[in-house]
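Here's a quick tour of how two chains sit together, and how one of them divides up inside. Have the viewer ready before reading on.

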There are 2 protein chains.
Amino acid sequence: MPKKKQAETAGPTSYDVASLAGVSQSAVSRAFSKFGSVAPTTRAKIMRAAKQLGYQPNAFARGLITKKSNLIAVIISNLTNLNYPEVLAELTQRLSAEGNRVLLFSLAAESDVDDVLEQVWPYRVDGAIVAARLHDDQIQQFNDRGIPVILYNRVGDVAPSASVCCDSAAGERELVRLLMAGGHRTFGIIAGPEDSYVGEERLEAARRALNQSGIEPFFFRGRFDYASGAEGFHALMDQAGGRLDAVICTNDAMAIGAIDCAKSTYGFRLPDDISIVGFDGVGPATWASYQLTTIRQPVRRMTAAVVAMLLERIANPGMAPEQRLFGGELLLGRSARLG
Amino acid sequence: MPKKKQAETAGPTSYDVASLAGVSQSAVSRAFSKFGSVAPTTRAKIMRAAKQLGYQPNAFARGLITKKSNLIAVIISNLTNLNYPEVLAELTQRLSAEGNRVLLFSLAAESDVDDVLEQVWPYRVDGAIVAARLHDDQIQQFNDRGIPVILYNRVGDVAPSASVCCDSAAGERELVRLLMAGGHRTFGIIAGPEDSYVGEERLEAARRALNQSGIEPFFFRGRFDYASGAEGFHALMDQAGGRLDAVICTNDAMAIGAIDCAKSTYGFRLPDDISIVGFDGVGPATWASYQLTTIRQPVRRMTAAVVAMLLERIANPGMAPEQRLFGGELLLGRSARLG
C-alpha cells in the first residue's frame, strides 16, 4: 500500500510543522494535545502549517517523548454477563470524553488475568481499570511499574490499591432482613462461580445473615447465567422436598432463570407461592415478565468515581489508595414478599 | 513515581538485550513478537539476557520501527444493545488469540463516527472493524491511509470495502412468508432508529415483502430498546383499532417489549391471539417467558470471518474487497403462528 508507506515512513513530523509555523516542537505537541495550553494565534499558525503539510499526530512518537500513551487498559471478565455491557459503555464514554482511549481485554473466566497482564505492559498504559479478580502479586506488578490501577467491585487483600465497589454485603443483609420480616423461614441460595469475587462476597453475606437468625439455607452453585438459575431452582426444590419460602440469587441473570423455572415448571405465582430476589439491577430485571426485587448497583456513580480516581492518580502518581463503597438501591419489584 | 521513570527513560532497550545476548536487535524484536521466527537456542539466549536486564518490550518503540502497532480499532455503536456484547466478546477473544489488541470506541448513536475517527488515526492501528454507519468518505479515509477496514453488518455505497453481514433482507422475507402462510393478514412493523443501517435494511425488506402481497403494514418507529417495543405495540393497536394479526419487530429487544405489553396490558396469549417476531437471536429471546420466534445471526461464524478477512488484509494490503453474506437461522419459538 504505497500511501501508507509514504505517510508513515516519509510523512511530515511535528518538527516539520514547527519549522514551517516558526514555533517550537513542544508548541506543536501541546497544540495537538487535548489539554495543552497554546495561545490562540499560535495554535492557528500551527494548524495551518499542519494542514498544509498533511501532518497527522503519531501516538507512538508522542508516547516516546511524553511518556504518556493516553491509553487506559480496561480488563473485564465475561462481557456476556448482563451487568458488564453497561459498565463498559459508561467507562468508555467517560474516558473518551477526557481524551483517553480504551485498550480492552476481556476474559473468559475471572482467573485468566495473568495471561493478559503480559499483553498490557508493552503498551505503557497510563492506568488500568480491573473488573476481574487480581491477586496481590498482580496488584503489586502495577504498583512496581507505577501504573495507577482502580479495582472495580473488588478490593486487594494486602497490596495497597484503590477501589470502587457496590456494598454487596449490606445489600444482601438488607434483602435477608426484609425477607425474614415478610415471614420467610426456608431459604435457598443460588451462588455464582467460585472464582468470582463479588459472587463469593454476596454468598457469604447472605449466608451469615441467615445463620445469625438460626437458618441454614439450601445451596446450589450456578454460573451467573440464566440456565444455571433455572437448574438451581430445580435442585433447591429437590433438596427442600418442594417446601421453599424464598430463593436468594447472587445475580439477576440467575434470578430471572429461577423465576422462569418457578413459573413454567412448577406453576408458581410470585410472590404468593415463593419469593425470588437477585442482585445487580440489570435492564431485564424491570421487564414486565420478571419485575424482579433486587439491589441495583449505582453504575453511573460508580463508573464516574472510577474514572475520577484514575485520572487523579495519573496526574499525581504518589496519591494514597482510597476505597469507595457505594450503597446499592433496593428495587422493589413484585418477585418477593417483603416485610 | 521513580520506578516508572527509571523503567521508561533509562530502562534497558532491545539493543541492550541484543548486545548482551550477542545477537542482532532484529533477532530480539522477532523473539518478542508472537509470529517472529527465531532458532530455539537463540530465543533462549535472548530471553535469558532480557530477564537479566529486566527488559520489557515497548509497543511504541516497536511500532515506530516495525510500522505495526498490533492494535485493531473496534468501533461499535450502542454497547447496551443486547446483540453487541456477544459480538464484542467474540471479536476481542479472537483478535487476542492472534496477538492483537482491541482499541475500543463505543458510540452513543450510529451517526457519531466522525468524532471517533480523529481519535483513531494517531494510534496507527493495523486495521479496524466497524459496526456503525460509515459514509463513503469515511471508508475512503481508511483506504487513503492504507488501513484495512471490515464493515460488520453493513456495506459501503461506492467506496471499495470488505464486509461481513447477516442477510437481513432474506431473513425478513422468510418471516413474512411464514406469517402469511400462517394466515396473518393485518400487520404492524416496529422499526429501529433511522440512523441504523441494519434497522432500515430490515424495515425495507419486511415492508416490500408485505407490499408485494398487497398488504400495507401499520408502522411505528422505536429505538431498538425494550421500552420502545412496548410503546410501539400500544401505538400499533391504536392505529389498527385493536385488530392486528402479527407484529414484525426489527430487533429482539423491541419484540420482547412488545410481547410483555401484549400479555400484561392486553391479556393476549401468544401465538393464539397475536404473533410477534424479532430479529437477532439474543440470549433473552430463548427465555421461557418469551420463547421468541426470530432470526438468529450466526455471530460466531460472522466474527470468525471478520477477523480472518482483516488479518488477511493486514498481511496483504493490496487484497481486493470481499463481501460475505451469512444467512440467518430461523429460531422457532412460540411467539408466532407460522404456516
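What follows covers confidence, symmetry, the contact between the chains, and the domains.

## How far to trust it

Keep in mind that this is a predicted model. Its scores are ipTM 0.85 and pTM 0.87. For chain A, the mean pLDDT comes out at 90, with 95% of the residues at 70 or more.

The stretch to watch is residues 1–9 of chain A, where the pLDDT is below 50. Leaving aside near neighbours in sequence, that stretch still has 13 contacts in the model.

## Two copies, one turn

Take chain B, turn it by 180 degrees with a shift of 0.0 Å along the axis, and you can lay it on chain A with an RMSD of 0.1 Å. So the two copies are related as by a two-fold rotation axis.

The contact tells a matching story. Of the interface residues of chain B, 100% are also interface residues in chain A, so the copies meet through the same surface.

## Where the chains touch

Each side is easy to count: chain A puts in 47 residues and chain B puts in 47 residues. On the chain B side, at least two residues each come from α1 (2–9), α5 (59–66), α6 (84–97), β2 (101–107), α8 (136–145) and α12 (252–264). The top contributor there is α6(B), which gives six residues. Sorted by class, the side of chain B that touches chain A holds 24 nonpolar, 13 polar and ten charged residues.

There's also strand pairing across the contact. β2 of chain A, residues 101–107, pairs with β2(B) in the antiparallel sense, over three bridges. Look for Leu103(A) in that pairing: opposite it stands Leu103(B) in β2(B).

## Inside chain A

The domain assignment splits chain A into three parts: domain 1 (2–66), domain 2 (71–167 + 299–327) and domain 3 (168–297). Notice that domain 2 is written as two segments, 71–167 and 299–327.

How do domains 2 and 3 of chain A sit relative to each other? Their centres, taken over C-alpha atoms, are separated by 29 Å. Contact between them involves 14 residues of domain 2 and 15 residues of domain 3. On the domain 2 side of this contact in chain A, the residues are five nonpolar, five polar and four charged.

Definitions and conventions: Residues numbered from 1 in each chain as written. Chains lettered and ligands numbered in written order. Predicted model: local features only at pLDDT ≥ 70, side-chain atom pairs only at ≥ 80, totals over all residues. Contact = placed C-beta atoms within 7 Å. Helix = DSSP H or I, 4+ residues; strand = E, 2+ residues; numbered from the N terminus. Nonpolar A, V, L, I, M, F, W, Y, C, P; charged D, E, K, R; others polar. Pairing = 2+ DSSP bridges. pLDDT = per-residue confidence, 0-100. Least-squares fit on C-alpha atoms with pLDDT ≥ 70 in both. Domains from an automatic or database assignment.
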